[in-house]
Amino acid sequence: MTVQRTGIYPGSFDPVTTGHIDIITRSRRLMDRLVVGVAVNTGKSPLFGFDERVDMLCAEIADLPSGAGMAEIEVRPIEGLLVRFARNCGASMIVRGLRAVSDFDYEFQMAGMNARMERDIETVFLMASERHTFIASRLVKEVALLGGDYSSFVPERVGRRLAEEVERHRERKASAD
Ligand code: ADP
């Protein structure tokens, strides 16, 4: 009997960027089933609500090619402890992307604590691809709100949604002034 390998890829995805899509695409080759976990509570105030973050992510995932050697992908909400979510998904891996030394510090601590809580679940780090190293949702939002060109950082549909959201943000600000 072959063992089904499940991995989870957790994040806020506020909004999903080309960097996230790259990690999803590459991690699919390492497992049979990939559960992309979307944080219900992000800890920061998100630009997009939970449903919108999920909708944007699902639309991009639906467009990814599927086939032999590529994991099936599911999108699920995450509430509470990450290792509990991983266990409930039957996962043996938590996938994280590493962009820079600044990511490493936080990720190192989190992986260590998760390993203490759940010995059987490994955190697997994928280095950000060269093209995506500098892309972060937080910065994409900042660039968008300041009127910069963010089109190469997010999928096209997400870019359009972001433009609408920025417009709405401006209108709200103008009526408040
Ligand atoms: P968080 O809210 O935990 O910072 P994000 O939702 O931004 O996380 O991202 C989820 C995961 O994707 C994290 O492991 C993060 O390091 C990774 N990630 C984000 N952007 C990129 C990128 N451009 N390249 C590679 N990994 C990335």
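A polar contact is a pair of N or O atoms within 3.5 Å. With that cut-off in hand, welcome to this predicted model. Ile135 meets the cut-off through its backbone, where an N or O atom lies 2.8 Å from a nitrogen atom of the ligand. Below are notes on the ligand site, helix H6, a buried asparagine and the cysteines.

**Ligand surroundings**

- The ligand is surrounded by 17 residues, and the closest of them are Tyr9, Ser12, Gly97, His132 and Ile135.
- Tyr9 reaches the ligand with its side chain: one of the N or O atoms there is 2.6 Å from an oxygen atom of the ligand.
- The side chain of Arg96 also offers an N or O atom, at 3.2 Å from an oxygen atom of the ligand.
- Ile135, by contrast, uses a backbone N or O atom, and its partner on the ligand is a nitrogen atom.

**Helix H6**

- Helix H6 covers residues 156-176, and at 1.5 Å a residue its 21 residues should span 30 Å. Its end C-alpha atoms are indeed 30 Å apart, so expectation and model agree.
- Which residues of H6 are buried? They are Val158, Gly159, Arg161, Leu162, Glu165 and Val166.
- Looking down the axis of H6, these buried residues fall within an arc of 160 degrees, so they line one face of the helix.
- A handy reminder here is that an α-helix has 3.6 residues a turn, so residues three or four places apart point the same way.
- The buried residues of H6 pack against two helices, H2 (50-62) and H5 (137-145).
- On the face of H6 turned away from the buried side sit the exposed residues Glu156, Ala174 and Ser175.

**A buried asparagine in H4**

- Asn114 belongs to helix H4, which runs over residues 101-117.
- Is Asn114 buried or exposed? Its relative accessibility is 10%, and buried means under 20%, so Asn114 counts as buried.
- Leaving aside residues up to four places away in sequence, Asn114 touches Leu82, Val83 and Ile94.

**Cysteines**

- A disulfide calls for a pair of cysteine sulfur atoms within 2.5 Å, and the count by this rule is zero.
- Why is Cys58 without a bond to Cys89? The sulfur of Cys89 is the closest cysteine sulfur to that of Cys58, yet it is 14 Å away, which is too far for a bond.
- Cys89 is likewise in no disulfide, with the sulfur of Cys58 as its nearest cysteine sulfur at 14 Å.
- Cys58 counts as partly exposed at 32% relative accessibility, whereas Cys89 counts as buried at 4%.

Technical notes
Residues numbered from 1 in each chain as written. Predicted model: local features only at pLDDT ≥ 70, side-chain atom pairs only at ≥ 80, totals over all residues. Heavy atoms only, no water. Helix = DSSP H or I, 4+ residues; strand = E, 2+ residues; numbered from the N terminus. Expected span 1.5 Å × (residues − 1). Buried < 20%, exposed > 50% of the residue type's maximum accessible area, 1.4 Å probe, protein only. Arc of directions from axis to C-beta. Contact = heavy atoms within 4.5 Å. Near = heavy atom within 4 Å. Polar contact = N/O pair within 3.5 Å; in protein donor to acceptor, adjacent residues only side chain to side chain.
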